[in-house]
Amino acid sequence: MPTTTLSGHEVHVDDEGFMTEYDEWTEELGAELAKQIGIDMTEAHWALIRFLREDYLVKGETATTRRVQAAGGVPVKQQFALFPKKPAKKMAYIAGLPKPAGCV
Amino acid sequence: MTDNNPAPIVPNFDDDETDRKLVLICSKGNLDMAYPGLVLANAALGEGIQVDIFFTFWGFDIITKKRMTKLKFSPVGNTAMHLPWGDLRVPQWAAVIPGMQPMATKMMKKSIDDLGIPPVDEFLDQITASGGKLWACKMSADMQGLTEADLRDDVDGIINASDFMDLSEGAQTLFI
């Protein structure tokens, strides 16, 4: 498993750069990950990232946009506005989680 | 193993690649045949791909207000339908027994719901919220005596076959 260095921390990532160790993630790292993909984080962004982190602990997999709407209460339209074009993958990346496995 | 490269590994989200277009032609109105198009449309939108869905013939039921929540699944003519347990197939003589279609429909809706996948009408809400466009076929509307008032409010328009050619120019097109 490769590692990469983000703001001075060495973290485990997959070949694409998604973090693979849940416990290595901190909000500071999340902010750094967001910077890497050009997302300016606001409180609305963080609320989603925190939901994804908590939901992963419960479900054992990364929430899809559908689940973020159904269980997290944030409409898909808003997810697209906050994380343009590829919300599911971008949210997962910043949250230090694997890409969602579900189709919907 | 340690990667000593100081530049972090960052996924390539291809944000600049905006020219990919997908056009789906939904021509069937059975519950089981409504989903493939919707699942693909939703996935494509989530990847930043422009999506237009053209509803034609029986696929019209998917966007017709009075029908979209009442799509059915029938085992008739479907030799691949299995019972929910094991590998037992439903014999065709049994597929036509009264009550079979409502039961099969109910079971399929439950399996879909169990996976957290929305019903057809809600799925279309999500697709349009994600930027997908819905188009209705003029000939189908005329054949069925339907107007825009009978269709979902978020249908972008009733268009003819020539309009469809403009719409699908340069797109990857799937007929379902």
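**Exercise 1. Salt bridges and polar contacts between the two domains of chain B**

Task: How many salt bridges does the rule find across the interface of domain 1 of chain B and domain 2 of chain B?

Solution.
- Step 1: Start with the rule. A salt bridge is a side-chain nitrogen of Lys or Arg within 4 Å of a carboxyl oxygen of Asp or Glu.
- Step 2: Apply it across this interface, and you get zero salt bridges.
- Step 3: Now try polar contacts, where a pair of N or O atoms lies within 3.5 Å; within protein, one must be able to donate a hydrogen and the other to accept it, and residues adjacent in sequence count only if both atoms are side-chain atoms. Across the interface of domain 1 of chain B and domain 2 of chain B, three residue pairs are in polar contact, with both residues at pLDDT 80 or more.

Before you go on: this is a predicted model, in which local features need pLDDT of at least 70 and side-chain atom pairs count only at pLDDT 80 or more, while totals for chains, interfaces and linings use all residues. Residues are numbered from 1 along each chain as its sequence is written, chains are lettered from A and ligands numbered from 1 in the order in which they are written, and side-chain values use heavy atoms, with hydrogens and water left out.

**Exercise 2. Where the domains meet**

Task: Which residues make up each domain of chain B, and how far apart are the C-alpha centres of the two domains?

Solution.
- Step 1: Domain 1 of chain B covers 21-69 + 119-176, and domain 2 covers 72-118. These bounds come from an automatic or database domain assignment.
- Step 2: The C-alpha centres of the two domains of chain B are 25 Å apart.
- Step 3: Ten residues of domain 1 of chain B and eight residues of domain 2 of chain B take part in the contact, where contact means heavy atoms within 4.5 Å.
- Step 4: Next comes buried area, the accessible area (1.4 Å probe) that two parts lose on being put together, summed over both. For these two domains of chain B it is about 730 Å², and carbon and sulfur atoms give 68% of that.
- Step 5: Leu31(B), Asp32(B) and Tyr35(B) supply 62% of the area that domain 1 of chain B buries against domain 2 of chain B, more than any other three residues.

**Exercise 3. Chain B against chain A**

Task: How many residues of chain B are in contact with chain A, and how many salt bridges are counted between the chains?

Solution.
- Step 1: In chain B, 27 residues are in contact with 27 residues of chain A.
- Step 2: Together the chains bury about 2,400 Å², with 55% of it on carbon and sulfur atoms.
- Step 3: Between chain B and chain A the count is two salt bridges. There are also six residue pairs in polar contact, both residues at pLDDT 80 or more.
- Step 4: On the side of chain B that touches chain A, H1 and H4 of chain B are the elements that give two or more residues. Helices (H or I, at least four residues) and strands (E, at least two) are DSSP runs, numbered from the N terminus.

**Exercise 4. Buried or exposed?**

Task: Is Arg66(A) buried or exposed, and which residue does the side chain of Arg66(A) meet in a salt bridge?

Solution.
- Step 1: Get the cut-offs: buried means under 20% relative accessible area, exposed over 50%, partly exposed in between (1.4 Å probe, protein chains only).
- Step 2: Arg66(A) counts as buried because its relative accessibility is 9%.
- Step 3: Its salt-bridge partner is Glu122(B), at 3.0 Å, N to O. Glu122(B) has 34% relative accessibility, so it counts as partly exposed.
- Step 4: Look at Thr65(A), in helix H3 (residues 65-70) of chain A. At 11% relative accessibility, Thr65(A) is buried too. Not counting residues up to four places away in sequence, Thr65(A) touches several residues, including Met91(A) and Gln126(B).

**Exercise 5. Two bridges in chain B**

Task: Which residues form salt bridges with Asp153(B) and Asp154(B)?

Solution.
- Step 1: Asp153(B) meets Lys65(B), at 3.2 Å, N to O. This pair links distant parts of the chain, 88 residues apart.
- Step 2: Asp153(B) is exposed, because its relative accessibility is 71%, whereas Lys65(B), at 37%, is partly exposed.
- Step 3: Asp154(B) pairs with Arg152(B), the closest N and O atoms being 2.7 Å apart. Asp154(B) is partly exposed at 24%, while Arg152(B) is buried at 6%.
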